[in-house]
Structure formats: structure tokens, C-alpha cells
Amino acid sequence: MSSRPGKTAPRLIQDILTYDPRYEERAGRNILTDPPPHHDPTKPPERALPIRNCRHSFMTKHDQSLLPVPGVFPDQKTVYKVASFCQNCRFHLDLVVDFSDYEIRNSPCPSKDYPLHHFIYQAEDVSEGNMLGNSNVPKTYRFQCSSTKCPAELRIRMRPPRLKDEHIRLMTDRILLRKRLESAKILDPGRTDHRMARPVDGYDFLSTYLKDSLNPTRGKSRVPLLNRKFLVTFGRDCDEMLRGLGFSREIENPGNGDEICWHLPKPPAPSDPLSSSDDSLRTVIQDVIEELSVLILSMPDSEKQGVRNMTYQPKPSQTEIERALGCLDYSKRSMTRAEVKSAKEEEDHPYYAGLGALGDFSDELLLFAYSRQVGTDVANSPYYFECLQDLAIGRKSSMLEEKVQMLASQGQTNRKEVAKAYSSLGMDHKHAELLSDEIIIGQFKSRLQDISPALEEDTRNMLRIIGQARQSQRILQEASNAIETYEQALSWLDLDPGQPDEFVQTMFTVKAADSPANRDIAVKAVEIIAESRNSARLRDFLRTGAMGAPEMDIEEAYRLLGIKNRSETIDFAVLESFLVVQKDAPYNDADQLQQAYDLLYKERGKESYDANVEKPRAPSHPLEIWPVGCENIGNTCYLNSVLQFLFTIRPLREMILNFDDFRQEPTPEALESKRVGRSTVSVEKVKTAQEFVFELRKLFQMMITAPSDKVRPDINLAFLALFNAANATTKGNAPGQPAPETNTIKGLGDINGMPLLGPMPNPFVDNKSVNEIGIDSTAKEQVDSVLSDAGSLGAAKLGEEGLGDWKEQQLLQEDSKTQKFEQDKPDPPSRPPPGPPPVPPRPKTTQQSNNNMHALEAVARQQDAAEVLQNIFDLLRCAMRPSATMDDGEQFDLINELFYSQITTARTIDGVTNLNTAVQDFILTSPGDRNRHLYTVLDDEFDLVEEDITTAQCKRHSTKYEFIDHLPPILMINVRRLIYDANAKGTRKIECHIAMPETLYLDRYLHHTNSLSAVELLERRMAQWDIKKRLRQLQRRKTELEDVELDKTELKISLADVVDGAADYVDELQKTEAEDSDLVNLDPLPIEPGLSEQMRLRAHHLRKDAELLSEPIRELEEESMSIFADLKDHPYLLQAVFIHRGTATGGHYWIYIHDFKNNIWRKYNDDVVTEVTDLADIFTQEEVYPATSTGMVYVRKDDVMKLTEAVKRNPAKPPPDDVEMKDAGSDVDVEEYANIEILNGVDLKMDAP
Ligand SMILES: [Zn+2]
Ligand SMILES: [Zn+2]
């Protein structure tokens, strides 16, 4: 099978009409036989043709042709020959279409399936001594139609003119003509009418002689040499040319004056145009006559008087050629007049040439051309697909676009995708032809070992694309067979290990529907899962397409209830409340869950009870003086941190508790001018937000009045705070905020309107860097799961969708909750007595994909404190009335007042400074790569940024820095702790310590302070920027010296060590050489004596250099710190520190909060609140597996008492006999503790911004 692209007949004709053998070299290719270069869409299309190429104007030479007869179809005897001749360049073209190979190929194009011939170049016939490839000899190219049913073979022969340049010069050069005149005068001095011949005369006479020779008539067969006209026209120096044309010189009447005559050529009789040789004298003479006619025509009219051979009426050959090639009336697309015009003036887009087509092809013919190219040249099918894709768009053809989509859905990829696939496997697609399938598969396998399992499926897809592009069954098989392990199968189906068989079935259906090509792989994946789980139900499903009823075993029970670690003690109370929620979720099989619970309870119930009995716990502090803990309701520890923090902010807490005074009226009229995050707010939004505030109020009330040391936040509260945040970010951002890239809930579809949640990228991850490096969504998800560098104000908005559903479910749930407790409660679900939490298996509900709890978990996994806080602020602001309206229409309220800064960016370009002020709810910082002080970290954020802006017009220098216009009384600083690590191909948490001062002076970041004017402060900042610049230079040098990255490892060693190592190697070499010295060493290593010593000395110097850098670096750092040391007008005190321990993929959050009144720090770790006795816990970082700060809160020193209050307790008297039996969180009856102290409005005077 041919692996060359071809050309449809019309395309080939177009190429014939411009193929010019004379300029083949300049064209860089033979435009007739070589496939056109692949077009690079990033570059402007190149001219397909060299400008000088002749646009041939072929005229038919009827005598030499065998033309098709209109209306007669070719059969096995048919051979067409169109002999023609270009009026411009005088090249001859013979086009022979031969249908004689008719035995099997008996359906010549055009036919139904093959509306056009599609010619593949076969070979050049070099039988005629054309071995040198000289452009002055004829060239013959053979083509074959690619249809297996079409017998057409095509020979294209281009012959240079018979009359060479030297012949033309002989006949037309005036100097030669003058010489001939002089000679004639000498030879025949008697005659006086000698006149110089005109250049046209030679053509004219020769043409006459040759025509006479073809039609010999008596008396016209000879020309006396001394004929006057002959003498002045040809003289004696044209002999060779004449002989070459078959003239013969003879002496007549010998002895009798010896008259010398030229006899005309005597060509053979006319014969079959096919069998006669190109070089038969008749053909040569015919050709020369044609050439002479054209030469005569090209003479100026003034020269042509009296010329005999003026009548020349050639017929253009194009129609004959088109008829011979079966494309006289191919189907063309309808074009507008403008399109027709530009089609005439411009070359077709190179993609047309790529498909072997022309711009005027109808869509159907274009598709045909595409299918032929792919059919004959699969290796380049991605390119042809790209051509088709682009042309479909360019033509705005829905038919083509549909076809393109269909092809894409069948796995056809374009060149870009293939290039990406190759490069993702570390190969260059340009070498594709050199790479064997084995090499590619080998590369793929070695790549698999280097990457995380999460990236594996992506890598397989890349291999699949390459396999498709190469049409390599081997590679495709490798790509699909790749699912071999249980983990791979799960990952291919986007499943978590805990997910039940039903969900395996669901994902199978989803995946198989994605693409038919996936189906086999999906089957294989399910087979593997069925084997691994030993699931009869999945096997049933594979066999019958349906699943039988589940038979519960203890394994299934664990999985359904999300318990992974079976050695842990199970807190059945927790499990039970989990169950209640689970069973109410619409997609869960309540019976099944109950069955699982019962089974587990039977197995483990007693043990759990015993375990709990042994660990009684008494409250460590009197309830009245100690804050309550918040139970973890499902990976929401950071939510608890946030709630605890908010509770300690006194004006905020009082606002929540007295919310009725702040409540926004939820009517369209009232909301008309309300702007939160610069967006309007809908009635729905406000209602949802208020629902959240009511939940929060309920929690705060419980936190004050609960007769226990912990409370349980309602899942509704958690859901509104968390889910809403994720949902909200899909809804829009404040203007000027970078749009979060992919934060929609990923499409596993939905069931009854409830989304099925898949991995969701974090809306606030630095998408740009992540994308540049190309980590996949799984890695992104990892980024999400711990913490994120949340954007800023207003990014979170209320989501309306999803919440409606959620609310309905809540209502249903509320209804059924009590019933469930009464009816379904298994026998004694013994509530464990108070004590340290027995670490119940947290209801990790991964197996329950389609329920609220899971939704909550899924959202919770990829949010962090900063983000939740941001969302809560947004909710609060939507729920409350504005206390004022700012200039830009934005609502001003307690949240702005307490937390929002105004930060101005001063950007200077070409000496012009622009100020741009934005509101921010926190300051985002990066820890950097070493332990640093908070000032240093903040300094970086407020550093001078210099950049060169290069545009097409000019290069400009810009500088930029920020200052704080307005400081809020409560300043939150968040720390961006996750970075992408290119070496590890994943996200990594930076654990560098940030040393936090208890008092932070913010003077240096302001515009001016009480003691320093703006100018004075800026001067100091500039001095510091300068120092920092020098510092960076020194540090860069130090890094060069100390951190040489070894290739492909994460090891870093110093340059000195590298040189030392090299010196050792040199020693080793010399030693080896010495040992071998008794042998004849033919190729001794040229090692300079003492080389290794020199190297060691150099290493020593390098080490010294690096050491020497440490001192100036330290000095500069100190200097930098000291610049602002005296600025103490704006002191802030550390009030809270958000803490995370764990990795990029998971961990635990807690918060330290300072109680200014009692001057103690407390640690709020979910349901346990303890006093921090060793402040090192907060301020010093552990060496191993350290907990790290992810955010800190500073409060204006003068206001700490007004603004914060850590303890606010008024516990209700517990019922005497049932001290801890009530689940304080989920069930507590608020009305029962009606003696809540209602606090009045906010008694604070703060500057409005
Ligand atoms: Zn030409
Ligand atoms: Zn054909």
C-alpha cells in the first residue's frame, strides 16, 4: 500500500500548469511530484510557487494527440494523449492517460465512490538518458490513480523547446546577420541588391522549409546555397542547426559549377501518435514549426511585414486535459463574487494543497480528497484532519463541521494534539517517521515509572493519540491494555476505591458513551474491578448488562459506611448520625445503609462501647470560663477554625446574635441598589445568605449557652458555608478579578438535579502557573485539598443553582430526621460517656457519591480557611443591610469596616505614575524558600517590581509598588503554602517557618504615618528596595555556588563539591592509565599533570567564595530590617493563627486564638479547646513534620479589647441525670436555653474608608 499522499486530478492539473522544470531547484521541490510541505498555521502561508515559474498556456498539437471523444467512456483499450505546447515558455507537454490495466481495475474514475481520480506519483522514467536530471532534457513522471478499481495510469512528459537559445541567436543576432551580409557581398559581388536579413526572416524561412518538408511538393525540396536570401539569412554558420533538423547538404551538377544545395528533411510518414517516438523527425519538425510560429508572433509588428507564416491559430489544451483526466465538470462550491474574485487573485490556502484539492471544490469533493489523503497516507492523517478542520471553519460549512466533529469523536486527532502527545512522552513529533512503534512504547513505559499514578491515565491517552495517528494497532493495544491493576482500572473510570459497585456501573456507562473506542477499555476495567472485589454483581453486569441485588457482607458494610481503617474504634453515635443524613439523601438506598450499619454494629458494637467506657473525660475547665469546641462533621476542621475565629470577633458576633437589627429586607425594591463584590444581589441570594446567618446565629447561641464543652455545627451551616463557596465561584467574579479557570463542578452529570461531584479544581489555585507546567486536574485537586491562595474580595458570590435543591432536601431531612431517630434506631446505640474523643472513624463518605454529605466532603476537600472565610463574608454582606454606600456603589457594612483594606498600586511608566486602588479582604503572602520573619515576607509583597514592557512599537520600563491606603482594624494575612514542584511533578507544601511578631508595626506599608510624610516614607522604602535588589544578586550568586542541581534528581550539591568530585574522577582515570601502562596504550588520555590538584584548589576557592557571601548577605538583611525599626505608629497585635499540619494532599487544621482579657493563648482543635502553655507551640516551628501557619490575624492594638473577646459563655444548667446524653450540636433545642443574653448593637467608632 502506498504511503504517499496524492492529488486529485484538478489539483494535479493546476500543478502541471505551473510546474516549471527550469526553476525546480529554486522551488526547493518538484511541485508536480513532491507532496506540498505541511503548512504551519503559526506562520503566514508561503507562496506555493516561485514567482518566475511559467504559468503555462498550453496549446494542443493535434497531429501528435489522441484526444478523448466527448461522451465516450474509457475502456481497456483506451489511451488518451494530449500533446501540447506552451505559448510562453515553449515547453512541450505530453499527457498520456492509459487505461489498459483493466483486468481487475475495471471501474475508472469518475465513479460513484470516486468522483475524481486521485493520483499518486510513482516514479520518474529515466530511460531517456535523463540520469543527470538536467532541466534541458525531457522529464517523464508516472502517476497511478489510488482507487483500487481504477486502471488509470498517467504519464506526464515535459520537454524543453527543440530550438535552443543558441539556435535562436543564430537566426536573430544582428551582428551575425551583418557578417552574413558582408560574406554574401564577397561571395557574389556582382549583385548590388544585398540587404541585411531581418531577425524574423530566419524564423519565417525555416518555418516555410519545414512545412514544405511535411508536405513535399515537387520543385520545393531543395534550396540552393547561393540563393541570395538564404545566404544573407543563414550564411554558412547555421549548417549544424540545419543538419540537426534533418536538412542535408548536397553538391549538385558535380563538375558543372558544383552547385551546392540544401535538401529539405525527409520525415517519415505520419503514424499513430502513441507509437511514434518523440524524437522521430516528423515530431521534431512539427514541434519546431510550432515553436517558430510562437517566435514569429512574439516579434514586433514592425518587423513582421511580408512574413509568410503569420497565420497561427492554436487551440488551448486545458479542456482536453480536463476531459482526459475525467474532471471536466467536477462539482464546485458556490462562491460569492468576492470569493470568486479573490480565488482568482490569490493562491488557495495551503491546506487545500495539503488535501490535494482546490479551493473551488464542493464540500463533498473536499471530503473525498480528505478521505483519499488519509487512505493513502495514514501517517500524516493528523495533518489532513487539521486541514479539514480549518477549511470547514473557513468555509463556514456545517456539513464539513459536522463531519469534523464526527471524526474527532471517533478519535481522529489533529497535528497539534499529536505533537503534544509526542512531546508529553519526551519525543519530538518531527521525528515520528524515524521512531518505531517499539521505541514509542518503550518510551511510554519508562515514562510511566516516573510519573504519579494520577497522571498515568493522561499519559495513556497521549499514547492512544499517537497510536491513532500512526494507525498502529500495537500502540493502540498497548494504550488500552495498559489497564492491568485494580488501581488503574479505578483511575480509568474516575472512581475512588470506596465507591460501590453501582457507581462502577454508572461510570462504565458514562465512559463507554464518551467514545465507542473506549468501550473495550471500559469493559476491561470493570472486569478487573469485578475480579479484584470478587463481585458477583459486577460479573453479572458484564454478562447481562444488569446488576442483581446486593448481598451484603462485612466488607461491603465497611465500604458503604466509609470506614477504611478497621482497626480504629468505631464511634457508633457518630456513625449513627451520619447514617441519618445519608439515608435521607435522595440517591442512597436507605435499606442497604441500615443493613450495613446493623451488620457492623453486630460485629463491633460491644467493643466500641467497652472502649468508650474506659476513657471517661471530665471537662478540663469550668464550662462558664472556657470556650466550647466544635465537633468535626466531615473534613471540615478548617471550617471549625473559621467559626471559632469569627466567634471571637466581638462586633461580628454581636451583629450575628442581633441579626434582626441588621437584616436586609429581601425585596427586589430594597435590593435594587445593593452591590456586593460589585455585583447586584438577587432576592434568592439574600434569602440563602440569611438562612446561613440564622444557622450561624444558632451555632453562636449554642456556643454561648451549651451545657457542654463542645457543640456540633449543623451540617446545613457547613453546607451553606462550604458548598456555597464552591458554587459561588462559578458564578462570577468582581470586575478585575482573574476569572477562575475551571471551577465548575466537573461533569459527571447529575441525577435529579443533584450534581455528581468529581474532582474539582480549586478556583483559586494560581491557574496560570499550574497550566503552564501542565499538571493535570488530579494534581490540581491535590493543590486544593490543603489550602489555596485565595483571591480577594468579592470573588465568592452566592450561587443560586444547587442551593434550591439543597434546601428542599434539607426540609425533607428535617422532617424525616426525628422519625428516623425514633423508628430506625437500633437497640441500644449506647451514647458513649464523656471523655477524650475516641477518634471515631470519621464518616468519610467517599462511597456515597450522590448525597449531600459527599457533596459537602467533596467541596470541603478543596477549600481552606481563607476561602471559606471569604465566602462567609460574602454571605454576611448579602444578608445584611448596608450601613452606607461607597462611591462606586459598593455596600459599606460591618465586614468592610472590620476587615477590608484599601491597597493602592502605584505604577510608573515613562515617568508617569498611575494610582489604582482596590479593596482587599486579606493580604496574600508567600513563605519563600527559607525560614523568614513576617516582615521579610510582607516586604516581598510590597517590594518594587520592575519590568520591561516590550511592545511592537517600543520597549518601556515600568515600576510598580503597593501601599496600604486604609488599614482595617483587623488585618488578615494569608500564606500561600502550596507550590508546584517541577522535579516532583506535583504539588508540594512549603513548610518554611514564618516568624510572627506579637506586635506587628504596619507603618512601612502605608502611604504615610503620623510621624513620616508620604515622601519621607517612600524614601525609606526606596532605600530598602535598593538593598533588597543587592541582596537578590548576592543570593543568586550564592545559589549558583551552592545549589547545583544534579540532572534529574532532586539532589543539590555545591559547585565546589562538583569540582572536587571531578578531581577525584581525574585521579581515578590517571590511576587506571598507570595500571595499564605495561600494555601498549594506543590512545593515552591527555591528562595534564597536576590537573586534579588544580581542581581541588579551585574547589577550595569556590567554597570560600560561597562562605564569604554569607556575611554581606546577613549584613544587608540586617540593614534592611533596621530601616523601619523606629516606625511604630501603627501597632497591631497577633490575635489568631490558622495552622495546618500535613501534606499537599491532606492534613489537619486548627487555630490558636489569643485571649487578650485573660492574656492566654488557646488551641482550638475541633471539639477540644486547650490552653497553650508553651508558646513555642505557636511561635517556634517543630523540626520534623511541622505544623505551619496558613494565615494570621492582627488586630489594631488600641482596639483589641473592643474588637475581640475570646470567652463568651453562659451555659444552661444541664438536666441533672442526663449530663452528656444530648448531642449538643445536632439536636440541641435552642428554645430550651432561652436565657441567651441579647447583645445590643456595635459600640465601636471606626473610620469609614
Ligand atoms: Zn510555459
Ligand atoms: Zn481513477
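Okay, let's start with a cation over a ring: the charged end of R1162 sits over the ring of W626, 4.2 Å from its centre. The cut-off there is NZ of Lys or CZ of Arg within 6 Å of the ring centre and within 35 degrees of the ring normal. K332 does likewise with Y330, lying over its face at 4.1 Å from the ring centre.

Ground rules: this is a predicted model, where local features need pLDDT of at least 70 and side-chain atom pairs count only at pLDDT 80 or more, while totals for chains, interfaces and linings use all residues. Residues are numbered from 1 along each chain as written, chains are lettered from A and ligands numbered from 1 in the order written, and side-chain values use heavy atoms, with hydrogens and water left out.

Now the zinc ion, ligand 2. C109 (SG), H117 (ND1), C145 (SG) and C150 (SG) coordinate it at 2.0 to 2.3 Å; donors are N, O and S atoms within 2.8 Å of the metal, or 3.2 Å for Na, K and Ca, and with water not among the atoms, sites may look incomplete. Along the chain the donors run C-x7-H-x27-C-x4-C. C109 and H117 are both buried, meaning under 20% relative accessible area with a 1.4 Å probe, protein chains only.

On to rings, which pair if the centres of Phe, Tyr or Trp (its six-membered ring) lie within 6.5 Å. That gives 24 aromatic pairs. Take Y114 and F368: centres 5.8 Å apart, planes at 90°, so edge-to-face, the label for over 60 degrees. They sit 254 residues apart in the chain. Y114 is buried at 18%, F368 at 7%.

Technical notes
Buried means under 20% relative accessible area, exposed over 50%, partly exposed in between (1.4 Å probe, protein chains only). Rings of Phe, Tyr and Trp (its six-membered ring) pair if their centres lie within 6.5 Å; planes under 30 degrees apart count as stacked, over 60 as edge-to-face and the rest as tilted. Helices (H or I, at least four residues) and strands (E, at least two) are DSSP runs, numbered from the N terminus.
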